[in-house]
Amino acid sequence: MKIERAYTIVTAPGRNFVTLKIVTDEGVYGIGDATLNGREQAVVAYLEEHVIPALIGRDPQRIEDIWHYLYRGAYWRRGPVTMTAIAAVDMALWDIKAKVAGMPLYQLLGGKSRERVMVYGHATGKDIESCLEEVARHVEQGYRAVRVQAGVPGIASIYGVAKRPGERYEPADADLPAEHVWSTAKYLNHVPKLFAAVRERFGDDLHVLHDVHHRLTPIEAARLGKEVEPYHLFWLEDCVPAENQESFGLIRQHTTTPLAVGEVFNSLFDAKALIENQWIDYIRATLTHAGGITHMRRLADLAGLYHVRTGFHGPTDLSPVCLGAAIHFDTWVPNFGIQEYMPHADVTNEVFPHDYRFEDGHFIVGETPGHGVDIDEDAAAQYPYRRASLPVNRLEDGTLWHW
Ligand SMILES: O=C(O)C(=O)C[C@H](O)[C@H](O)CO
Ligand SMILES: [Mg+2]
């Protein structure tokens, strides 16, 4: 079997997505997600110019060899653009291998470790009261775990909070980056009140999560972790930027609130010290940005040795192709923690038909050979790409801050 053709499909049903399709001389094809939010065309250029020409004629069954060819062969290892391109190839090749084997992907990985995959949904509101209403709506829909993000008095626009009630939150909402204003003091004073209200209304059983989105310093994160300890969060996510992995060592000394990090990671080496020192509890890297199934399998195995569980990133800016492959991975991986789930728009789901289904707060994996997600190329062609950028943050005095 040989790779005969490969090409990228850029489409914007609701938002931008990049898909790689690899076609073999035997007619079997596989698809992989190559979406890097706000930098989509960089990955397209990388694939078209440097990866696709080198794939033609290769045996698609040699996934491991192709992974190392692309990783070592680039010389410039790692980085989000390179690793997203490699991930798309890897996901498409696993799709092909599973189709050839006539098996759903999870079977090829080693079979089911669980019957269903627990997810967390997103509840957002401009204030505590409207946020609690959204939590209630999720509970009614069967969610066992909910991420809770509310507006903060005195901060006009904040990460994770939709513009209008019930609306989908989309941060990449402008041609060029929108500028937001951030106040750590106002945020830190408000968040413990939010979780006190959540526990007061919903009791102890609901799993609650929170995403700080990289905004604090280690000692501020330590304070927040301590102050929310009575509310038993499932996790506190991305409480500091993680380029400096040792920051988590400091936070860890101060709080028993579980810590999650990794959605911007693209390599096992971004997380190595975090895992080996047991500074974190959940690793959030995901297939599309961290080298695909081949690399994430290594990362998950390393994490398992240190009691760290998976909590894959699953925002709407990863396509249903990534989500579908992630559900197979989650169904298999022994040290599974939870899967993030932001439902895609109906138009997105029409372009990407899939066999996974959401039921009672969980995903149920499909049984179609492969990863179970396809792309309708005619439908995709109706939604042309439009540049969309993520925002930037400034402190109240104008200093550029982390978004
Ligand atoms: O889903 C999350 O936890 C996020 O933090 C979402 C990110 O802001 C988003 O993927 C950026 O593109
Ligand atoms: Mg996040």
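# A tour from His 328 outward

Select His 328 and Leu 105: the side chain of His 328 reaches the backbone nitrogen of Leu 105 at 3.5 Å. Keep in mind throughout that this is a predicted model.

**Stop 1: around His 328**

Stay on His 328. Colour helix 11, and you will find His 328 in it. Is His 328 buried or exposed? Its relative accessibility is 1%, and buried means under 20%, so His 328 counts as buried.

Now show what surrounds it. Leave out residues up to four places away in sequence. His 328 then touches Pro 104, Leu 105, Tyr 106 and Leu 109. It also touches Val 365, Gly 366, Gly 370, His 371 and Gly 372.

Next, add Lys 193 and draw a distance between the two C-alpha atoms. His 328 and Lys 193 are 135 residues apart along the chain, and their C-alpha atoms are separated by 38 Å.

**Stop 2: the second largest cavity**

Keep helix 11 on screen. Helix 11 covers residues 320–332, and it gives the largest share of the lining of the second largest cavity, three residues. This cavity has a volume of about 50 Å³.

Select the lining in two steps. Begin with His 313, Gly 314, Pro 315, Leu 318, Ser 319 and Cys 322, which are among the lining residues. Then add Leu 323, Ala 326, Gln 339, Met 342 and His 344 to complete the lining. Colour by class. You should see six nonpolar residues, five polar ones and no charged ones.

**Stop 3: the largest cavity**

How many cavities of 30 Å³ or more are there? The count is two. Move to the largest, which holds about 100 Å³ of space.

Select Gln 149, Ile 158, Tyr 159, Tyr 187 and His 210. Of the 16 residues that line the largest cavity, these lie nearest its centre. Three elements give two or more residues to this lining: strand 5 (145–150), helix 6 (184–202) and strand 7 (207–211). Which of the elements gives the most? Helix 6 does, with four residues. Colour by class again. The lining of the largest cavity has ten nonpolar, four polar and two charged residues.

**Stop 4: the nonpolar cores**

Keep Tyr 187 selected and add Ile 22, Val 89, Phe 248 and Leu 287. These five touch the most other members of the largest nonpolar core, which has 115 residues. Now colour helix 3, residues 80–101. Helix 3 gives the most to this core, with ten residues. Another core, of nine residues, lies apart from it. Select Ala 145, Phe 234, Tyr 282 and Ile 338, which are among its members.

Go back to Ile 22 and leave aside its neighbours within four places in sequence. The contacts of Ile 22 include Ile 3, Arg 5, Ala 6, Val 28, Tyr 29 and Gly 30. Leu 55, Val 89, Ala 92, Leu 93 and Ile 96 are in contact with Ile 22 as well.

**Stop 5: Thr 24**

Select Thr 24, which is found in strand 2 (residues 17–24). Thr 24 counts as buried, at 1% relative accessibility. Where does its side chain reach? It comes to the backbone oxygen of Val 28, at 2.8 Å. Beyond its neighbours within four places in sequence, Thr 24 is in contact with Met 1, Lys 2, Ile 3, Glu 4, Pro 60 and Ile 96.

**Stop 6: the largest pocket**

Switch to the largest pocket, with a volume of about 1,200 Å³. Select His 213, His 214, Val 264, Leu 390 and Trp 403. Of the 43 lining residues, these are the closest to the pocket's centre. Then colour strand 15 (392–395) and strand 16 (400–401), as each supplies at least two residues of the lining. By class, the lining of the largest pocket has 19 nonpolar, twelve polar and twelve charged residues.

**Stop 7: two positive phi angles**

Zoom in on His 213. This residue is found in the loop between strand 7 and helix 7 (218–227). His 213 is not a glycine, yet it has a positive phi of about 55°. Its relative accessible area is 5%, so His 213 is buried.

Finish at Gln 278. Look in the loop between helix 9 (272–276) and strand 10 (282–283). Gln 278 is not a glycine either, and its phi is positive, about 55°. Gln 278 is partly exposed, with a relative accessible area of 38%.

Definitions and conventions. Residues are numbered from 1 along each chain as its sequence is written. Chains are lettered from A and ligands numbered from 1 in the order in which they are written. This is a predicted model: local features need pLDDT of at least 70, side-chain atom pairs count only at pLDDT 80 or more; totals for chains, interfaces and linings use all residues. Side-chain values use heavy atoms; hydrogens and water are left out. On a 1 Å grid over the protein atoms alone, a cavity is a set of points where a 1.4 Å probe fits but cannot get out, and a pocket is an open set with protein on both sides within 12 Å along at least five of seven lines; lining residues have an atom within 4 Å of a point. Grid points are joined across faces, edges and corners, and a volume is the space filled by probe spheres set on the points. Ala, Val, Leu, Ile, Met, Phe, Trp, Tyr, Cys and Pro count as nonpolar, Asp, Glu, Lys and Arg as charged, and the others, Gly among them, as polar. Buried means under 20% relative accessible area, exposed over 50%, partly exposed in between (1.4 Å probe, protein chains only). A polar contact is a pair of N or O atoms within 3.5 Å; within protein, one must be able to donate a hydrogen and the other to accept it, and residues adjacent in sequence count only if both atoms are side-chain atoms. Contact means heavy atoms within 4.5 Å. A nonpolar core is a set of buried Ala, Val, Leu, Ile, Met, Phe, Trp, Tyr and Cys residues joined through side-chain atoms within 4.5 Å.
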